[in-house]
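Me: Please take a close look at the strand pairing in this model, and then follow it outwards to some of the side chains that deserve a careful reading. I would like one connected account, with the cut-offs given wherever a term depends on them.

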Amino acid sequence: MGFIFKIKRKIKYIGIKNSIYYFFFQRILRINSHVPWPVHHASVVSYPERIKREFWRPYPGYLSGQYFQAKNGIVIGKNVRLGPGVKVISASHNVDNYDIHDDAKPIIIGNNCWLAANVVILPGVELGNHIVVAAGAVVNKSFPEGDCVIGGVPAKIIKKLGPYKGDSSW
């Protein structure tokens, strides 16, 4: 894919005003300049090279207050929506030495998932396809079966859903 096409696609997706805004903060002021996609100046993305997106969107860190720590890796499927304030944390500190991060499996977020505002995803979690995570939920265990709404602290299944019917090419 050519460089010009990539730029046009991003501008079409986020708009000219937001393109200028993100360019100013990332490329001029150098806030989140290490991340190759648009990131809000009030968000943090660490280890972006360990974030694998199955599609060119979403942009982790695009909305205000998001935090993506990918020390152990994060895999994001297609058609994933990330709300403001979402925290995805792939590594915890070692309880005996806070300077060390414990190893864990990468976080996997399946296709057609929606992480609402202020969701926290903790290390090693796998979310199957078509999972809606309710606002404010803390997900500390995997839900590989998919087609459900989860929420609460800690998260649990609130409702079963049928298969996803929307356009998955988003």
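Reply: What follows takes the sheets in turn, together with selected residues.

The model is predicted, so that local features need pLDDT of at least 70 and side-chain atom pairs count only at pLDDT 80 or more, while totals for chains, interfaces and linings use all residues. Residues are numbered from 1 along each chain as its sequence is written, and side-chain values use heavy atoms, with hydrogens and water left out.

In one open sheet, four strands (DSSP runs of E, at least two residues, numbered from the N terminus, as are helices, which are H or I runs of at least four) follow the order E2-E4-E7-E10, and their pairing (at least two DSSP bridges between two strands) is parallel. Strand E2, residues 51-53, and strand E10, residues 126-127, stand at the edges of this sheet; because each has a single partner strand, one side of each is left without a neighbour in the sheet. The partner of E2 is strand E4, residues 74-76, and the two run parallel over three bridges; within this pair, Arg-53 has Ile-76 of E4 as its bridge partner.

Moving to charged side chains, Lys-52 forms a salt bridge (a side-chain nitrogen of Lys or Arg within 4 Å of a carboxyl oxygen of Asp or Glu) with Glu-54, and the closest N and O atoms are 3.3 Å apart. The count by this rule comes to one salt bridge. Lys-52 is partly exposed (buried is under 20% relative accessible area, exposed over 50%, partly exposed in between, with a 1.4 Å probe and protein chains only) because its relative accessible area is 47%, and Glu-54 is also partly exposed, at 37%.

Ser-43 belongs to the loop between H2 and strand E1, which spans 44-46. With a relative accessible area of 2%, Ser-43 is buried, and its side chain reaches the backbone nitrogen of Gln-66 at 3.0 Å. Once neighbours within four places in sequence are set aside, the residues in contact with Ser-43 (heavy atoms within 4.5 Å) are Asn-32, Gly-61, Leu-63, Ser-64, Gly-65 and Gln-66.

Another open sheet has five strands in the order E5-E8-E11-E13-E14, and here the pairing is mixed. Its edge strands are E5, residues 81-82, and E14, each of which pairs on one side only. Strand E13, residues 148-151, runs antiparallel to E14, with four bridges between them, and Gly-151 stands opposite Lys-156 in E14.

Cys-148 also lies in strand E13, and it counts as buried because its relative accessibility is 0%. Not counting residues up to four places away in sequence, Cys-148 touches His-130, Ile-131, Val-132, Ile-157, Lys-159, Lys-160 and Leu-161. Between Cys-148 and Ala-117, which are 31 residues apart in sequence, the C-alpha to C-alpha separation is 17 Å.

In the segment after strand E14, which covers residues 156-160, the chain includes Lys-165. Whereas Cys-148 is buried, Lys-165 counts as exposed because its relative accessibility is 81%. The C-alpha atom of Lys-165 is separated by 44 Å from that of Val-95, a residue 70 places apart from it along the chain.

Technical notes. Polar contact = N/O pair within 3.5 Å; in protein donor to acceptor, adjacent residues only side chain to side chain.
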